[in-house]
Amino acid sequence: MPHTLHETDANQGSLREAADRIRLQAQAAAADSERERRLSPELIDALRDSGLMRCGAPETLGAAQAPPAVSLECAETIARGDAATGWCVSIALTSSLLAAYLPEKGAAETFGDPRAIAAGVWAPRAKARPVDGGVVVSGRWSFCSGITHADYFFGGCVLDDGRGDKDGAPTLRAVGIPAEQLRILDTWHTSGLRATGSHDAVAEEVFVPDHRVLALDGGPLIDAPLYRFPIYGYFALSIAAAALGNARGAIDDLMDLAGHKVATGSRRTLAEKATTQAAVGQAEAALRAARAFFYSAIDDAWQAACTAETVGLDLRTGLRLAAAHAARTSAEVVRAMYDLGGGSAVYESSPLQRRFRDATTATAHLQVSPATWETTGRILLGLPTHVAQL
């Protein structure tokens, strides 16, 4: 258990218990989920019932409004069973934070159902044209993780209002669209994270009422610690949480293999070899260190969110450093476990092979890409840096 500011609230305890149950269910279904390129209906039902998929929504809607450490730990736990399932939990719980940015009517409409699931791509890939009572949206978003089981999709848009901001930059909005009003394109044919169903989604002249239009950069409409916590930092952390769980699962898988595998020409099991012992020790140390930094950065920012109006730049920088470091260290750990698995790991039936592909795919996400080092490095060096989405 990480060193975090975990409350002992019974509701949060139930979230952790549900995460541990679903971890086992996700692990058992992982091969089938990957083959179908989506999570099974039974697994989705369990996730809906758990409350995890909307645990970032406000308590006024009957949601958990759980602290970041609690929600992200649950996503990490599930990813230990299956990275794709943990990834879908991360995306959904992060999307549920948007309830605090919506007018009351919009929040109730999108997240009022206790079993609601939302997906989202906040990058402004569509255009929104103002009309009476709302906007009309057209565009195409890629990497729509969880769109195959989402009820609503929050897509980033450029508002075509002819104004923009004082610097001439376009006006950006996000819109909540019922998934059934989107056209889903079967594009998610990938090496890893196949079960996330991260297809492209297309909106074609879809009307979105004003109460389902929000401005991320305008700040939340609810003043509470969870919604003072940096939302873009939370997004990066959610990707890293799935990566951390996947790395722990890879060590689990290697442990299972090492106890009985005997290489050709050897009399010793994989576990009895000094090279295996050293590699496992190094991987364990690296993962524990990355995880400790991850939760420490969250705790620091959470303390500030609980006591201050804003979370400072130094703490936001720490969140992004911790997220990128956790995701990329996790990939190194998985690679080490995959290498130790030798010939056994190259088969599609091997969980280590799936772990390796999932880890590599996770590091391609923009929120934990190598570009993070440049951005955070500029800040640490005191250089002018665009930090609006840090």
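Which residues in α3 meet which residues in α8? The legends below address this and other close-up views of the predicted model.

**Figure 1. Packing of helix α3 (residues 68-81) against α8.** Pro68, Ala69, Leu72, Glu73 and Glu76 in α3 meet Arg291, Phe294, Tyr295, Ile298 and Trp302 in α8. The axes of the two helices come within 10 Å and cross at roughly 155°. Angles over 145 degrees count as roughly antiparallel, and α3 and α8 are therefore roughly antiparallel to each other.

**Figure 2. Packing of helix α7 (residues 231-258) against helix α8 (residues 274-307).** Two packed helices are described by the angle between their axes and the distance between the axes. For α7 and α8, the angle is about 155° and the axes are 11 Å apart. That makes α7 roughly antiparallel to α8. On the α7 side, the contact is made by Leu237, Ala240, Ala241, Leu244, Ala247, Arg248, Ile251, Leu254 and Met255. On the α8 side, the contributing residues are Thr276, Val280, Ala283, Glu284, Leu287, Arg288, Arg291, Phe294 and Ile298. The crossing of these helices, α7 and α8, is left-handed.

**Figure 3. Packing of α7 against α10.** Helix α7 also packs with α10, at an angle of about 160° and with the axes 10 Å apart. The helices α7 and α10 are therefore roughly antiparallel to each other. Residues Ile239, Gly245, Asn246, Gly249, Ala250, Asp253, Leu254 and Leu257 of α7 make the contact with Pro351, Leu352, Arg355, Asp358, Ala359 and Ala362 of α10. The crossing of α7 and α10 is left-handed.

**Figure 4. Helix α10 (residues 351-362) and its N-terminal cap.** Ser350 caps the N-terminal end of α10, with a side-chain oxygen 3.1 Å from the backbone nitrogen of Leu352. At 1.5 Å a residue, the 12 residues of α10 should span 16 Å, and the end C-alpha atoms are indeed 16 Å apart. The helix α10 is mostly covered, as nine of its 12 residues are buried. These buried residues are Leu352, Gln353, Arg354, Arg355, Arg357, Asp358, Ala359, Thr361 and Ala362.

**Figure 5. Helix α9 (residues 313-341) and the surroundings of Thr317.** The 29 residues of α9 should span 42 Å at 1.5 Å a residue, and the end C-alpha atoms of α9 are 42 Å apart, which agrees. Thr317 lies in this helix, α9. Is Thr317 buried or exposed? Its relative accessibility is 3%, and Thr317 therefore counts as buried, since buried means under 20%. The side chain of Thr317 reaches the backbone oxygen of Leu313 at 2.8 Å. Not counting residues up to four places away in sequence, Thr317 touches Thr376, Ile379, Leu380 and Leu390. Just after α9, Gly342 takes a positive phi of about 60°.

**Figure 6. The surroundings of Leu226 in helix α6 (residues 225-228).** Leu226 is buried, with a relative accessible area of 3%. Which residues are in contact with Leu226, leaving aside its neighbours within four places in sequence? They are Gly56, Gln65, Ala66, Pro68, Leu97, Tyr234 and Trp302. Of these contacts, Gln65 is 161 residues from Leu226 along the chain, yet the C-alpha atoms of Leu226 and Gln65 are separated by 7.2 Å.

**Figure 7. The surroundings of Ala19 in helix α1 (residues 10-36).** Ala19 is buried, with a relative accessible area of 0%. Leaving aside neighbours within four places in sequence, Ala19 is in contact with Leu52, Cys74, Thr77 and Ile78. Ala19 and Val89 are 70 residues apart in sequence, and their C-alpha atoms are 9.8 Å apart in space.

**Figure 8. Positive phi values at Arg37 and Phe143.** Most residues other than glycine have a negative phi. Arg37, however, has a phi near 60°, a positive value in a residue other than glycine. The place of Arg37 is in the loop between α1 and α2 (41-50). Phe143 likewise has a positive phi, near 60°, and is found in strand β2 (residues 134-144). At 61% relative accessibility, Phe143 counts as exposed, because exposed means over 50%.

Technical notes
Residues numbered from 1 in each chain as written. Predicted model: local features only at pLDDT ≥ 70, side-chain atom pairs only at ≥ 80, totals over all residues. Heavy atoms only, no water. Helix = DSSP H or I, 4+ residues; strand = E, 2+ residues; numbered from the N terminus. Expected span 1.5 Å × (residues − 1). Buried < 20%, exposed > 50% of the residue type's maximum accessible area, 1.4 Å probe, protein only. Polar contact = N/O pair within 3.5 Å; in protein donor to acceptor, adjacent residues only side chain to side chain. Axes fitted to C-alpha atoms, helices over the stretch in contact; angles between N-to-C directions. Parallel < 35°, antiparallel > 145°, perpendicular 65-115°, else oblique. Left-handed = near helix turned anticlockwise from the far one by under 90°. Contact = heavy atoms within 4.5 Å.
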